[in-house]
Structures are given as structure tokens and as C-alpha cells.
Amino acid sequence: MIPGCRSQDKKDAADFFLKGNQALNQNNYTEALRLYDEAIAKNAEFSDAYLNKGITLLKLGKPDEAYEILTAAITLDPTLAQANLVRAETGLYLGKLKEARLDLQQIEKDYKDSSKYYLIKGNILEVEGNESSAISEYDHALRLNKNNVEALVNRGAIYYRLHSYAVAKDNFNQALRLDPSQPQALNNLGLIATKEKDWKTAISYFDLVLNTKPNDPFSLNNKGYVLLQTSKPEEAKKLIERSLSVLPKNGYALRNLGIYYQKAGQTDKAITEFQKAIEIAEPVEMLYGLTGQAHFDQNNRSEACKIWRQGIILNDSLAIEKAAEFCR
């Protein structure tokens, strides 16, 4: 290639890159992706363009493609620490926990003052089930940046699962002061209100999410559950089925559809939905207790007790209660 042409290509690549950054900052991800591709076409060794293309792909919900592009960025420039950070985040989405940990270890010194570094580290620990260590990492992230909304929400979610509802609520409210429309914080506050049987408040939180994200599967399902508890079963069923149309493998939504059928006296259909939820093999509160109850209602005590005993192993509170009463 003629030296002057190569110089012009690099200049053109830089121009496309800067325009891509502007589009990325404006959340115009499709345009950003096009511009980064133009930059790379002009300069195939432009590692920063690969990095930002990877970030854009992650924003577009394409983690597999993002991981591949970020790996290319690191291959071109092994000192590009931000690429390792973003690849660790992407690896977490893909379940590549070992690889994500290795990425973080490689850049620990470079990112010792980075709130996002400790956020991602906490997220990995949370997925691995090490909740106390995850909280410690979120604490560190928030010491470095008290406005880290994701760290507040994720820490709150752990406290929620630990039944520390007052602490969880405080975390979610702090997140909302920073981002009033944060969907996970609103949804989780709705769940806490549901636990407290404050149905009106719970629905108000779920509606705040649905006003901006009308197809949010979690708020659709959670509002449906509240409507089941407040004698509005048909309205509840519509919302739960909408939730399942968006996210078919949602154990809580399948459980709630089963509750609808159970309340309607359609026990066979209830058992079918409960069984679908069990097959997903994710923790769902009261699932085994409700499934056993459905079999019990069909005068099948042996099957009911079998399922309740399985629920005892999983610490299902309703299964524990029912087994103590009927399975001695």
C-alpha cells in the first residue's frame, strides 16, 4: 500500500471511530455498530474500535458476538485492560465464570480504584452462590462510587433473598433516588410490598415499570400474582400468560398460572403448570408445597407426601408445613 493511502485510511478510521463513539453515547447502537465496522474496514488493527464494537454488541444483547470481538481486541493489544473488563462482564452473561475471573485477575492492579471492576467481581460471586463475598464486593464498589446504581440494586437483591427486607428496601430506594425508573429496584420494592400484603402499593410499583416497559415479564407476572390474591383471577391470568409469552421459562409465572387453575378447581391443569416449573430446576417459593397440595386435593396422599418431602430438602416452607401435618 502507498504510505499516503495508509495514512489517509487511518485518518478515515479515526473519523468513523469518533462518530461511532458519539452514536454510542446517544444510545444509537445500530448506527454505532455500522460506524465501528467502517473504522475497522479502514484499519484492521484498530483495537479500540474492536473494544467499542464489543461494548455496542453487548448493549444490543449479542454477548456471543461481543465476546468474539473483545477477544480480537485483546489479541491486537494485550495491554488494552478495558477490553478484559468488558470481556469479563460478557463472560458472566455467557456463563464463562472461570474465564471472567481470569480476565479480572489480569487487570486487578489497573482497576484497583474502579467501582465497575468490583461490581463485576461481585456479580460473578453472586452467580457462584457466594452471597456474603458478593456483598463485600458491592460494598467496595459503592465506597468507590456511591452512585453505582447496579451495585445498589444487586446488593439489595441479595438482602431480599436473605429475607433482610428492611435493608433490601433501603438499597432499592437509594437506587431509585439516582434513577427513578430503575426497573429492578421498582419490581423488587413491589415484591417486598407483596410480602407485606400491601397489595395497592405493590401494584403501584409494578405499574411504574409497566408504564415504560409494558412487556416486562417480571412485573407482568408479579402484578398477576397480586391480582390472584385480590380476587381478580381472569385479569391475573391474562397478565401471567403475557409474561410467559415473553419469557416462557419463568418458574414463578408457571407457578402462578398453576395457582390460577388451582383456584378455578382445574387441578389437572394446575399440576401440569407446577410440573413445568419444577422441570426448570430453579428455586421458586412454595412450588413443592402447592404441587403436593394439588395431588392431595386429588386424594393422592402418597404422591403429595413424596413431593412435599422433596420440598423439605429445598427448604420450601409450605412443603415443610404440609409434610408435618399429613405425612407422619
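Let us start at K237, whose contacts, once neighbours within four places in sequence are left aside, are L257, Y260 and Y261. This lysine lies in helix 14, which covers residues 233-246. Is K237 buried or exposed? Its relative accessibility is 18%, and since anything under 20% is called buried, K237 falls in that class. The side chain of K237 also has a polar partner: the side chain of E241, at 2.9 Å.

With that first residue in hand, it helps to step back to the whole chain. What you have on screen is a predicted model. Its secondary structure consists of 19 helices and zero strands, and its C-alpha atoms fill a box of roughly 85 × 35 × 35 Å along the principal axes. Of the 328 residues, 49% count as buried. The accessible surface comes to about 17,200 Å², and carbon and sulfur atoms account for 49% of that area.

Two further totals round out the overview. If you take the contacts between residues at least 6 apart in sequence, 44% of them join residues at least 24 apart. As for charge, the protein carries 42 positive and 43 negative side chains, and the centres of these two sets lie 3 Å apart.

Now move along the chain to N148, which you will find in the loop between helix 8 (131-144) and helix 9 (149-161). Although N148 sits in a loop, its relative accessible area is 10%, so this asparagine is buried. Which side chain does the side chain of N148 meet in a polar contact? The partner is S115, at 2.8 Å. S115 appears again in the wider list of residues touching N148, beyond its neighbours within four places in sequence: S115, K116, L119, A141 and L142. Of these, A141 and L142 fall within the residue range of helix 8.

A short step further brings you to E150, which has its place in helix 9. Here the relative accessible area is 37%, so E150 is partly exposed, whereas N148 is buried. Not counting residues up to four places away in sequence, E150 touches L119 and N123. L119 is therefore a shared partner, being in contact with N148 as well as with E150, where contact means heavy atoms within 4.5 Å. For a sense of distance across the model, try E150 and V284: they are 134 residues apart along the chain, and their C-alpha atoms are separated by 24 Å.

Our last stop is towards the end of the chain, at a covalent link. How many disulfides does the model contain? The count comes to one, joining C305 to C327 with an S to S distance of 2.0 Å. C305 lies in helix 18 (residues 301-313) and C327 in the segment after helix 19 (317-326), so the bond ties together parts that are 22 residues apart in sequence. The torsion about the S-S bond is about -90°, which makes this disulfide left-handed. Are its two cysteines buried or exposed? C305 has a relative accessible area of 6% and is buried, and C327, at 11% relative accessibility, also counts as buried.

Definitions and conventions
Residues are numbered from 1 along each chain as its sequence is written. This is a predicted model: local features need pLDDT of at least 70, side-chain atom pairs count only at pLDDT 80 or more; totals for chains, interfaces and linings use all residues. Side-chain values use heavy atoms; hydrogens and water are left out. Helices (H or I, at least four residues) and strands (E, at least two) are DSSP runs, numbered from the N terminus. Buried means under 20% relative accessible area, exposed over 50%, partly exposed in between (1.4 Å probe, protein chains only). Accessible areas come from the Shrake-Rupley method with a 1.4 Å probe; for residues, only the protein chains shown count as cover. Lys and Arg count as positive and Asp and Glu as negative; His and the chain ends are not counted. The place of a charge is taken as NZ of Lys, CZ of Arg, CG of Asp or CD of Glu. A polar contact is a pair of N or O atoms within 3.5 Å; within protein, one must be able to donate a hydrogen and the other to accept it, and residues adjacent in sequence count only if both atoms are side-chain atoms. A disulfide is a pair of cysteine sulfur atoms within 2.5 Å.
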